[in-house]
Amino acid sequence: TAPLFSFGLGGQPRPQSDGADIATYDGYLAEDFANLNANDNDAGRSLTVNYSGGPAAQVRMYVDTSAADIRDGLEDNTLVTVERDGVAVFTDVALSDLPTDFASAASEENHWDIDAGAPASATYTVQITSDGHAANGATAKGVKFVWEAQQA
């Protein structure tokens with residue numbers, strides 16, 4: 001429930017994965033926004049998704065922008081790269097082109113198939129970059145990344 005990239009807004013805590021604070025983060029409340037990621041050489045933010053259900057399942061990732069506040073067309077100029085355990089799921093896909101529900105997230109790369117009765121864990125790494133064409137002052141707030149499991 002903590003933001004993957006920014007924290008501090010509305011009292012949100014630092015981003016976490018497996019219950020531990022992520023060591024590096026963008027420091028959203030920095031005084032100089034040009035320095036938000038100055039000391040961050042990470043290839044993205046990683047988090048671990050655990051599945052402990054009994055039936056065989058398929059996990060898919062999608063974005064929920066239904067309550068997001070995205071201004072000045074930033075959804076078309078924001079590129080998202082996602083890897084699962086080091087394997088590409090999405091590479092430089094515009095935020096506006098990512099799937100927005102379980103059904104539309106059916107691409108073969110996005111499937112994570114889990115056998116019946118076998119708890120599973122996968123590490124997802126998410127990187128968000130700009131294509132360099134965003135309007136000055138464009139913002140995005142409240143974009144949610146969702147991992148959903150449904151019985152296979």
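## Aromatic pairs

In this predicted model, a search of the whole structure finds two aromatic pairs. In one of them, the rings of tryptophan 112 and tyrosine 124 have centres 6.4 Å apart and planes at 70°, and because planes over 60 degrees apart count as edge-to-face, the pair is given that description. This pair links distant parts of the chain, since tryptophan 112 belongs to strand E8 (residues 112-114) and tyrosine 124 to strand E9, twelve residues apart. Tryptophan 112 has a relative accessibility of 11% and therefore counts as buried, and tyrosine 124, at 0%, counts as buried too.

The rings of tyrosine 124 and tryptophan 147 also form a pair, with centres 5.2 Å apart and planes at 65°, so this pair is edge-to-face. Tyrosine 124 lies in strand E9 and tryptophan 147 in strand E11, so the pair ties together parts of the chain that are 23 residues apart in sequence. Tryptophan 147 is partly exposed, with a relative accessible area of 21%. Through these ring pairs, Trp112, Tyr124 and Trp147 are linked into a cluster.

## A sheet of four strands

Strand E9, which holds tyrosine 124, is also part of an open sheet of four strands, whose order is E3-E9-E6-E7 and whose pairing is antiparallel. Strands E3 and E7 (87-94) stand at the edges and have a single partner strand each, so one side of each is left without a neighbour in the sheet. When direction is ignored, neighbouring strands of this sheet are turned by 20° against each other on average.

At one edge, strand E3 (residues 45-51) is joined to strand E9 (residues 120-130) by seven bridges, and the two run antiparallel; arginine 45, for instance, has valine 126 in E9 as its bridge partner. Although E3 stands at an edge, this strand is mostly covered, with five of its seven residues buried. Towards the other edge, strand E6 (residues 78-84) pairs with E7 in the antiparallel sense over five bridges, and valine 80 has valine 93 in E7 as its bridge partner.

## After strand E11

Which residues does alanine 152 touch, if those up to four places away in sequence are not counted? This residue, which lies in the segment after strand E11 (144-151), touches Ala56, Ala57 and Gln58. The C-alpha atoms of alanine 152 and valine 59 are separated by 9.2 Å, although the two residues are 93 residues apart along the chain. Alanine 152 has a relative accessibility of 74%, and because a value over 50% is required for this class, the residue counts as exposed.

Definitions and conventions: Residues numbered from 1 in each chain as written. Predicted model: local features only at pLDDT ≥ 70, side-chain atom pairs only at ≥ 80, totals over all residues. Heavy atoms only, no water. Buried < 20%, exposed > 50% of the residue type's maximum accessible area, 1.4 Å probe, protein only. Pairing = 2+ DSSP bridges. Axes fitted to C-alpha atoms, helices over the stretch in contact; angles between N-to-C directions. Contact = heavy atoms within 4.5 Å. Phe/Tyr/Trp six-rings, centres within 6.5 Å; stacked < 30°, edge-to-face > 60°.
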